Amino acid sequence: LALGLSVRLIHERVDRYVDDFFFRERHLAEAAIRRFAHEAALITDPDDLVIKTIEITQRNARLTGVAFYARREDGYVPIRATFGASAIDENDYAVLQMRTWHESVDLHDSRTALQGEIVFPMMVRGMLAGFLLCGAKTTHESLAPDERAALALLARDAGIALDSLRVRIIERELALLAREGGLPATLRDRLAKLGATSGEGIAF
């Protein structure tokens, strides 16, 4: 029994050493993606958020291209992309899968017009607000499970951060209109109550 436990501990240490030695760079890249996912909520400019999300994703996951999609009317359009990306209908197969299951979709296994390897949903209040479209890796490898998990986290947090920024911008514009007398009194009162309830401290 003692010999068996000793051999097991030795194997575990060897596995950790081999993993750290051969995959250290990948682990550091994954950590960088996760770190930025937490930082995304503090970015105050929508364009900067989108640019940084694409840069962090492409550099650390070593991808040939990345596209940041957002919802527009009855479809989704790329706000910014580093490879060919076009607007897509909300009834596209891959989009339907994300809207239904709130999970990443391997595009090789789906009948879709999206050109890429895998797509990660941005769920906001239960709705698909956008998604992160990823091209193939420059190394021609598949994304490892830990890389997929990190990118899924980044897509989720970037989507939530972008939605929050848009809400804040709308609130500021409405507050400005209210101060300039550009809003009806009834609407101004309703917005004032909403602002007081949310605790944002925005004066209408």
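This note walks through two helices and a sheet in a predicted model.

1. **Start at Thr-57.** Thr-57 sits in helix H2, which covers residues 46-61. Is Thr-57 buried or exposed? Its relative accessibility is 0%. Buried means under 20%, so Thr-57 counts as buried.

2. **What surrounds Thr-57.** Set aside the neighbours within four places in sequence. Thr-57 is then in contact with Arg-62, Leu-63 and Val-66. Its contacts also include Leu-132, Cys-134, Leu-151 and Leu-154. Two of these can be placed: strand S6 spans 127-134, and helix H4 spans residues 145-179.

3. **The length of H2.** H2 has 16 residues. At 1.5 Å a residue, they should span 22 Å. The end C-alpha atoms of H2 are 22 Å apart, which agrees.

4. **The two sides of H2.** Thr-57 has buried company in H2: Leu-49, Val-50, Thr-53, Ile-54, Ile-56, Asn-60 and Ala-61. Seen down the axis of H2, the buried residues fall within an arc of 165°, so they line one face of the helix. Asp-47 and Arg-59 are exposed on the other side of H2. Spacing helps to read such a pattern. An α-helix has 3.6 residues a turn, so residues three or four places apart point the same way.

5. **The ends of H2.** Asp-45 caps the N-terminal end of H2. A side-chain oxygen of Asp-45 lies 3.1 Å from the backbone nitrogen of Asp-47. Arg-62 follows H2, and the phi of Arg-62 is positive, near 55°.

6. **The sheet.** What is the order of the six strands? The order is S3-S2-S1-S6-S5-S4, in an open sheet with antiparallel pairing. Strands S3 (88-89) and S4 (105-106) are the edge strands, as each pairs on one side only. S3 and strand S2 (residues 75-81) are joined by two bridges. Within this pairing, Gly-75 has Asp-89 in S3 as its bridge partner.

7. **Helices across the sheet.** Helix H3 (residues 93-101) lies across S2, S3, S4, S5 and S6. H3 runs at about 125° to S6. Helix H4 lies across S1, S2, S4, S5 and S6, and runs at about 40° to S5.

8. **A closer look at H3.** Ala-94, Val-95 and Met-98 are buried in H3. Down the axis of H3, its buried residues fall within an arc of 100°, so they line one face of the helix. These buried residues pack against S2, S3, S4, S5 and S6.

9. **The ends of H3.** Asp-92 caps the N-terminal end of H3, with a side-chain oxygen 3.0 Å from the backbone nitrogen of Ala-94. His-102 follows H3, with a positive phi near 60°.

Definitions and conventions:
Residues are numbered from 1 along each chain as its sequence is written. This is a predicted model: local features need pLDDT of at least 70, side-chain atom pairs count only at pLDDT 80 or more; totals for chains, interfaces and linings use all residues. Side-chain values use heavy atoms; hydrogens and water are left out. Helices (H or I, at least four residues) and strands (E, at least two) are DSSP runs, numbered from the N terminus. Buried means under 20% relative accessible area, exposed over 50%, partly exposed in between (1.4 Å probe, protein chains only). Contact means heavy atoms within 4.5 Å. The expected span of a helix is 1.5 Å times one less than its number of residues. The arc is that of the directions from the helix axis to the C-beta atoms. A polar contact is a pair of N or O atoms within 3.5 Å; within protein, one must be able to donate a hydrogen and the other to accept it, and residues adjacent in sequence count only if both atoms are side-chain atoms. Two strands pair if DSSP finds at least two bridges between them. Axes are lines fitted to C-alpha atoms, for helices over the stretch in contact, and angles run from 0 to 180 degrees between N-to-C directions.
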